[in-house]
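Biologist: I would like to go through this structure with you. Please show it, and then I will ask how each term is justified.

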Amino acid sequence: MSRFPRESMEDSSMEDPSISLRPAICYRPINPSDLERLEQIHRDIFPIRYESEFFQSVVSGCDIVSWGAVDRSRPDGHRDELIGFVTAKIVLARESEIADLIRYDSTKGEETLVYILTLGVVETYRNLRIASSLINEVIKYASGIPTCRGVYLHVIAHNNPAIRLYTRMSFRCVRRLHGFYLISGQHFDAYLFARFINGARSPCSPLEIVMLVVNYMRSGLKSVASKLKKKEEGKGLKWIKCKDTRCLLPTQQTKRNLVSERASSSPYECV
């Protein structure tokens, strides 16, 4: 699988006719008449160049499914012009990058996933929930395939708006891929996001396991601190909270007594 950005980009220098104060956004499949416009938007949005075969596959529907967004309120000649798009393809789950995260159900036959290839919205139409609507089209499509277990995609690690979008739409960040993208001779990390559907459930991802361990350790430290507080309060000590270290510190009046007892009664070194 080639390594290039396949997520919605938030910056574009593309010029577009003024939009209506009340745009009438509609969604439809991408067709052969969209070829030139589709190529233009990709050039303006993404930092790499896609091969002509990719665009031919999109507009012909050959191995790639797609949806386009148009604004019916625009003047004649622009009413059916693409202002956004999403492209995706069906892949075998066992051959995907998240095969190890899926609990297979042998009764469902050969299981599949839908992989989002590219997603973008021209600059003047951003913040109108078009990108989320396009993603929902993919999710609806994938949900209608009985063997499909989820939708997944890559996003470059510094594209924070796209990351927030996928998180809001219940995608889970399951991996960080170091040096995944190579753009202008420079490597960039990527996150792999997945949303499981049709009753599919996955084991905890490595990132989620780390978070569980961290939360467990925090809970343990809080429990120890609580017991320590109760023990020292029984000796007449007064305590204050330390916001930075999340441990309990004695007040100045009682610190002298604690120093002599610390070695035998406390695992912490408070300062």
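Biologist: What follows α4, and what is the sign of its phi?
Modeller: Ser170 follows α4, and the phi of Ser170 is positive, near 70 degrees. This is a predicted model, in which local features need pLDDT of at least 70, side-chain atom pairs count only at pLDDT 80 or more, and totals for chains, interfaces and linings use all residues. Residues are numbered from 1 along each chain as its sequence is written, and side-chain values use heavy atoms, with hydrogens and water left out.

Biologist: What makes α4 a helix in this numbering?
Modeller: Helices are DSSP runs of H or I with at least four residues, strands are runs of E with at least two, and both are numbered from the N terminus. Helix α4 covers residues 160-168.

Biologist: Which residues of α4 are buried, and why are they said to line one face?
Modeller: They are Ala162, Ile163, Leu165 and Tyr166. Buried means under 20% relative accessible area, exposed over 50%, and partly exposed in between, with a 1.4 Å probe and protein chains only. Seen down the axis of α4, these buried residues fall within an arc of 160 degrees, so they line one face of the helix. The arc is taken from the directions from the helix axis to the C-beta atoms.

Biologist: What covers them?
Modeller: The cover includes β4 (112-121), α3 (130-143), β5 (148-156) and β7 (186-196). Contact here means heavy atoms within 4.5 Å.

Biologist: How many aromatic pairs are found in the whole structure?
Modeller: The search finds 11. Rings of Phe, Tyr and Trp (its six-membered ring) pair if their centres lie within 6.5 Å; planes under 30 degrees apart count as stacked, over 60 as edge-to-face and the rest as tilted.

Biologist: Why is the pair of Tyr115 and Tyr152 called tilted?
Modeller: Their centres are 4.7 Å apart and their planes differ by 40 degrees, which is neither under 30 nor over 60, so the pair is tilted. The pair links distant parts of the chain, with Tyr115 in strand β4 and Tyr152 in strand β5, 37 residues apart.

Biologist: How do you know whether Tyr115 and Tyr152 are buried or exposed?
Modeller: Tyr115 has 1% relative accessibility, so Tyr115 counts as buried. Tyr152 has 0%, so Tyr152 counts as buried too.

Biologist: What makes β3 and β4 a pair?
Modeller: Two strands pair if DSSP finds at least two bridges between them. Strand β3 (residues 82-92) and β4 have nine bridges, in the antiparallel sense, so they pair. The bridge partner of Lys89 in β4 is Tyr115.
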